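Work through the exercises below with the sequence and the coordinates side by side. Each task is followed by its solution.

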Amino acid sequence: MSADEKDRLIANIAGGLSQVTRDDVIEKNLAHFHAADADYGRRVEEAVRALRED
């Protein structure tokens with residue numbers, strides 16, 4: 001994947017996940033992303049947290 005494709009993927013995942021109201025569900029999903037790839041998980045988590053703060 002190109003860098004732009006990765007950015008779009010993370011934005012799409014974070015956009016959906018940030019709408020979930022249960023913190024335990026969000027944390028469980030973030031754990032899967034972290035397990036797949038540490039950098040990927042970190043980026044998704046940062047994006048979700050930023051969107052939830054808005």
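**Exercise 1. Find the residue that caps the N-terminal end of H3, and give the distance involved.**

Solution. Step 1: the cap of helix H3 is aspartate 37. Step 2: a side-chain oxygen of aspartate 37 lies 3.2 Å from the backbone nitrogen of aspartate 39. Step 3: apply the criterion for a polar contact, which is a pair of N or O atoms within 3.5 Å; within protein, one must be able to donate a hydrogen and the other to accept it, and residues adjacent in sequence count only if both atoms are side-chain atoms.

The model is a predicted one, in which local features need pLDDT of at least 70 and side-chain atom pairs count only at pLDDT 80 or more, while totals for chains, interfaces and linings use all residues. Residues are numbered from 1 along each chain as its sequence is written, and side-chain values use heavy atoms, with hydrogens and water left out.

**Exercise 2. Compare the end-to-end distance of H3 with its expected span.**

Solution. Step 1: helices are DSSP runs (H or I, at least four residues), numbered from the N terminus. Step 2: the expected span is 1.5 Å times one less than the number of residues. Step 3: for the 16 residues of H3 this gives 22 Å, and the end C-alpha atoms are 23 Å apart, which agrees. Step 4: do the same for H1, where 15 residues reach 21 Å from first to last C-alpha, close to the expected 21 Å.

**Exercise 3. Decide which residues of H3 are buried and where around the helix they lie.**

Solution. Step 1: use relative accessible area, with buried under 20%, exposed over 50% and partly exposed in between (1.4 Å probe, protein chains only). Step 2: Gly41, Val44 and Val48 of H3 are buried. Step 3: seen down the axis, these buried residues fall within an arc of 70° (taken from the directions from the helix axis to the C-beta atoms), so they line one face of H3. Step 4: Ala38 and Glu53 are exposed on the other side of H3. Step 5: H1 and H2 are among the elements that cover the buried residues of H3.

Glycine 41 can be taken further. Its relative accessible area is 0%. Beyond neighbours within four places in sequence, glycine 41 is in contact (heavy atoms within 4.5 Å) with Phe33 and His34.

**Exercise 4. Repeat the analysis for H1.**

Solution. Step 1: the buried residues of H1 are Ile10, Ala14 and Leu17. Step 2: they cover an arc of only 65° around the axis, which puts them on the same side of H1. Step 3: the face turned away from that buried side carries the exposed residues Asp4, Arg8 and Asn12. Step 4: the buried residues of H1 pack against H2 and H3.

**Exercise 5. List the residues of the largest nonpolar core and the helices that supply them.**

Solution. Step 1: a nonpolar core is a set of buried Ala, Val, Leu, Ile, Met, Phe, Trp, Tyr and Cys residues joined through side-chain atoms within 4.5 Å. Step 2: the largest one has eight residues, namely Ile10, Ala14, Leu17, Ile26, Leu30, Phe33, Val44 and Val48. Step 3: H1 (3-17), H2 (23-36) and H3 (38-53) each supply at least two of them. Step 4: take alanine 14 as one member; leaving aside neighbours within four places in sequence, alanine 14 is in contact with Val44, Ala47, Val48 and Leu51.

**Exercise 6. How many salt bridges does the whole structure hold, and which parts does the pair of arginine 43 and aspartate 7 tie together?**

Solution. Step 1: count a side-chain nitrogen of Lys or Arg within 4 Å of a carboxyl oxygen of Asp or Glu. Step 2: the search finds seven salt bridges. Step 3: in the pair of arginine 43 and aspartate 7, the closest N and O atoms are 2.3 Å apart. Step 4: arginine 43 lies in H3 and aspartate 7 in H1, so the pair ties together parts 36 residues apart in sequence.

Step 5: arginine 52 and aspartate 23 meet in another salt bridge, at 2.8 Å from N to O. Arginine 52 lies in H3 and aspartate 23 in H2, so this pair ties together parts 29 residues apart in sequence.

Step 6: glutamate 45 and arginine 49 also form a salt bridge, with closest N and O atoms 2.8 Å apart. Being four residues apart in H3, they are separated by about one helical turn. Glu27, Glu45 and Arg49 are linked in a network of salt bridges.

Note on methods:
Helix = DSSP H or I, 4+ residues; strand = E, 2+ residues; numbered from the N terminus.
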